[in-house]
Structures are given as C-alpha cells and as structure tokens.
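Reader: Could you walk me through this structure at the level of side chains and strands? I would like to ask as we go.

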Amino acid sequence: MSIWHQRWNENRIGFHRSLANPALTEHWPKLELDSSSHVLVPLCGKSLDMHWLAQQGHSVSGIEFVDKAVKEFFDDWAKKPQQTSTKFGEKFTAGNINLYQADFFKVQPDDAPFSAWYDRAALVALPPSLRTQYVEQLRKLTTPDAKGLMVTFDYPKEEMQGPPFALSDEDVEHFFRPFFEIERLQFTDLTEEDGRELSRCSLSVFMLTRR
Ligand SMILES: C[S@@+](CC[C@H](N)C(=O)[O-])C[C@H]1O[C@@H](n2cnc3c(N)ncnc32)[C@H](O)[C@@H]1O
C-alpha cells in the first residue's frame with residue numbers, strides 16, 4: 001500500500017481545502033484560455049478546484065490513484081458518476097468532470113490530449129526522483145501549445161522530509177526550461193505562518209507554456 005493510500009485511509013489529508021484555491025481563482029484567467037480547453041488535473045485528490053475549473057466552462061479530467069479519494073469527490077458532490085473502464089484504470093464521469101482512478105504515470109494519451117493543466121500539490125507531492133518522469137508524462141498528455149498553472153512550495157531541503165518536497169527556483173528552471181516558457185505569477189513568503197519550524201518557506205505560482 002502506498003503512503004497515499006495509508007494517508008487517505010487514516011484521513012490524514014491536511015492538503016485538502018474546503019474552498020477553491022485562491023492561487024487558482026486569481027491567476028487562472030491570466031492563462032487566457034478558451035473555455036473549450038480540456039484541463040488535466042494530475043494527482044487531483046478530491047480537490048474542489050476541479051469544480052471551479054468546470055464552472056469556467058472547461059472539461060476537466062483529474063487523475064488520482066486512491067479509490068477513497070475518488071469516491072469522496074463524488075459523494076461530497078452528491079453525484080453518482082458513470083463508470084467506464086479504460087486501458088489504464090477506471091474512469092468516473094459526472095457533468096463535465098472525469099476522474100481517472102489511475103496511476104498518473106500509466107495514463108496514456110488518447111486522441112484528445114489536454115490543452116491546459118493545473119498542478120497544485122502534484123509535482124511537490126512526488127519524490128524528486130520522479131520529476132523527470134512527471135515532466136515527460138505531462139508533455140505526452142498535453143498539446144504542443146498547452147498552458148499550465150503550477151503552485152509550488154519551497155524550503156531548505158535538509159530541514160524536512162516531504163511530501164511536500166521542496167521545489168526550488170533552480171529545480172523549476174532545470175526540469176521545465178527545456179520544454180516550457182516559465183513565468184512566475186506569485187511569490188509568497190510563508191515562513192511566519194507555516195508552523196512547521198522551517199527557517200524559510202514560500203509558495204510560488206508559475207504559468208508554464210509549452211514550446
Ligand atoms: C498532496 S495531494 C494533493 C491533492 C490535490 N492536488 C489537492 O490540491 O488537494 C497528492 C495526491 O496525489 C495522489 N497521488 C500520489 N501519487 C500519485 C500517482 N502516481 N498517480 C495518481 N495519484 C497520485 C495522492 O493520493 C494524493 O491524493
């Protein structure tokens with residue numbers, strides 16, 4: 001059982017928010033996407049951000065491998081999703097939201113790849129050894145002109161064992177620059193309010209555009 005299955009089973013989901021993320025609602029319009037853009041939400045948990053994106057007119061596809069998270073997303077929404085099987089996992093659909101219960105790294109691009117994505121607590125949830133693979137998979141699943149919003153977290157790596165794993169500006173440059181234009185939209189110093197006794201910690205929001 002993965003640490004994530006364990007966390008969901010024990011309800012240790014401190015990352016879950018009961019409102020749409022302010023970083024999303026504030027910055028998403030800057031991507032200037034058509035509402036017809038199909039949005040990928042990797043490692044989505046049961047995030048309410050997917051409802052916000054759907055309310056903007058987007059079709060939204062979340063990918064989450066813990067069954068309890070998927071079930072709770074639809075239970076909390078009081079919807080009974082339609083279930084279909086795919087090559088890489090079960091797909092649950094209600095309204096314009098699909099949730100794939102699948103390992104993100106096993107999802108295969110179909111004939112309608114995503115033109116946008118939203119990453120909040122996805123890349124930083126993964127061990128650093130999976131970063132190259134994450135970026136590769138993101139590129140496989142998105143169109144050549146796709147845009148994404150990524151919310152990250154940084155702190156001195158030696159001070160805490162993730163998740164969340166620290167993602168420095170250098171890391172963002174290293175993993176994304178070869179394939180994406182990078183624009184920082186927000187930097188917030190959270191050192192005072194974080195409560196984890198880190199000597200420094202911050203949140204950043206980036207707009208990434210494939211090139
Ligand atoms: C830190 S949580 C963030 C959830 C969501 N993005 C949010 O903002 O609430 C990371 C989520 O990714 C899921 N996860 C981790 N590794 C995964 C993988 N390889 N494939 C699919 N889901 C994964 C975990 O179960 C967990 O729900």
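Reader: Which residue forms a salt bridge with glutamate 72?

Author: Happy to start there, with a note that this is a predicted model: local features need pLDDT of at least 70, side-chain atom pairs count only at pLDDT 80 or more, and totals for chains, interfaces and linings use all residues. Residues are numbered from 1 along each chain as its sequence is written, and side-chain values use heavy atoms, with hydrogens and water left out. A salt bridge here is a side-chain nitrogen of Lys or Arg within 4 Å of a carboxyl oxygen of Asp or Glu. With closest N and O atoms 2.9 Å apart, the partner of glutamate 72 is lysine 68.

Reader: In which helix do glutamate 72 and lysine 68 both lie?

Author: Helices are DSSP runs (H or I, at least four residues), as are strands (E, at least two), and both are numbered from the N terminus. The two residues are four residues apart, about one turn of the helix. Their shared element, residues 67-77, is helix 4.

Reader: Is glutamate 72 buried or exposed?

Author: Buried means under 20% relative accessible area, exposed over 50%, and partly exposed in between (1.4 Å probe, protein chains only). Its partner lysine 68, at 22%, counts as partly exposed. Glutamate 72 has a relative accessible area of 18%, so it is buried.

Reader: Which residues are linked with Lys68 and Glu72 in a network of salt bridges?

Author: Side chains of opposite charge can pair when their charged atoms come close. A search of the whole structure finds 12 salt bridges. The network that holds Lys68 and Glu72 also links Lys46 and Asp76.

Reader: How many residues apart in sequence are the parts that lysine 157 and aspartate 171 tie together?

Author: These two form a salt bridge, with closest N and O atoms 3.0 Å apart. Lysine 157 is partly exposed at 45%, whereas aspartate 171 is buried at 14%. Because lysine 157 lies in the loop between strand 7 and helix 6, and aspartate 171 in helix 6, the parts they tie together are separated in sequence by 14 residues.

Reader: And which residue meets arginine 177 in a salt bridge?

Author: Arginine 177 is partly exposed, with a relative accessible area of 30%. Its partner is also partly exposed, at 37%. The side chains meet at 2.9 Å, N to O, and the partner is glutamate 173.

Reader: Let's turn to the strands. How many residues of strand 6 are buried?

Author: Strand 6 spans residues 114-120. It is largely enclosed by the rest of the structure, because the buried residues number five of the seven.

Reader: Which residue in strand 7 stands opposite alanine 116?

Author: Two strands pair if DSSP finds at least two bridges between them. Strand 6 runs parallel to strand 1 (residues 38-42), joined by two bridges, and there alanine 116 is the bridge partner of valine 39. Strand 6 also runs parallel to strand 7, joined by six bridges. On that side, alanine 116 stands opposite lysine 147.

Reader: Which helix supplies the largest share of the largest nonpolar core?

Author: A nonpolar core is a set of buried Ala, Val, Leu, Ile, Met, Phe, Trp, Tyr and Cys residues joined through side-chain atoms within 4.5 Å. This one has 27 residues, and those touching the most other members include Trp117, Tyr134 and Met150. Several elements each supply at least two residues, among them strand 6, strand 7 and helix 6. The largest share, four residues, comes from helix 5.

Reader: Which residue's side chain makes a polar contact with the side chain of glutamine 186?

Author: Glutamine 186 lies in strand 8. Leaving aside neighbours within four places in sequence, its contacts (heavy atoms within 4.5 Å) include Ala23, Glu26 and Leu203. A polar contact is a pair of N or O atoms within 3.5 Å; within protein, one must be able to donate a hydrogen and the other to accept it, and residues adjacent in sequence count only if both atoms are side-chain atoms. At 2.8 Å, the partner is histidine 27.
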